[in-house]
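Reader: I should like a close look at a single part of this model, namely its nonpolar core and the helix associated with it. Please treat the matter in one connected account.

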Amino acid sequence: MDREKFDTKWLADHEPLPGMDTPCWMWLRGKQVRCGGKKTSPQRAAYALHVGPIPRGAYIRRLCPPYWTCVNPEHLELLGATEHRGNPASPEITLGPEPS
């Protein structure tokens, strides 16, 4: 899926959540999308399409509770495996690396 097509499948909230500068982008489709020839989460696709490639073994953490459907790349944080292991479980979703 390319960025233009991806961007037709989410809806922006009107007001940013407390602590966020921009509104959430609510994903309106399924739990997986095809991006770069692989099935992946909408959040990983959003990061890859809007920010850039995700290094192998990296994690994506969503920073805006409570919406698991948010795909706003400004609300997504890239974590390396070491950073991910060093963070205790939190209400934010952490999306693991792509399967080999």
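Author: The account below turns to the core, then to the helix, and lastly to confidence. The model is a predicted one, and the chain averages a pLDDT of 78, with 76% of the residues scoring at least 70.

The largest nonpolar core comprises 15 residues, of which F6, W10, W27 and V71 touch the most other members. Two or more residues come to this core from each of β2 (25-27), β3 (33-35) and α2 (42-50). The greatest contribution is that of α2, which supplies four residues.

V71 merits separate description. Leaving aside residues up to four places away in sequence, V71 is in contact with F6, W10, W25, W27, P42, Q43, A46 and L76. Apart from the largest core there is another core, made up of six residues, including L17, M20, C24 and C70.

As for the helix, α2 is mostly covered, since eight of its nine residues are buried. The buried positions in α2 are P42, Q43, R44, A45, A46, Y47, L49 and H50. P42, Q43 and A46 thus recur here as buried residues of α2, having already appeared among the contacts of V71. Just after α2, G52 adopts a positive phi of about 150°.

Confidence within the chain is highest in α2, at a mean of 92. The lowest value belongs to strand β7 (residues 94-95), where the mean is 56. The helix that gives the most residues to the largest core is therefore also the element with the highest confidence in the chain.

Notes
Residues are numbered from 1 along each chain as its sequence is written. This is a predicted model: local features need pLDDT of at least 70, side-chain atom pairs count only at pLDDT 80 or more; totals for chains, interfaces and linings use all residues. Side-chain values use heavy atoms; hydrogens and water are left out. A nonpolar core is a set of buried Ala, Val, Leu, Ile, Met, Phe, Trp, Tyr and Cys residues joined through side-chain atoms within 4.5 Å. Buried means under 20% relative accessible area, exposed over 50%, partly exposed in between (1.4 Å probe, protein chains only). Contact means heavy atoms within 4.5 Å. pLDDT is the predictor's confidence in each residue, from 0 to 100.
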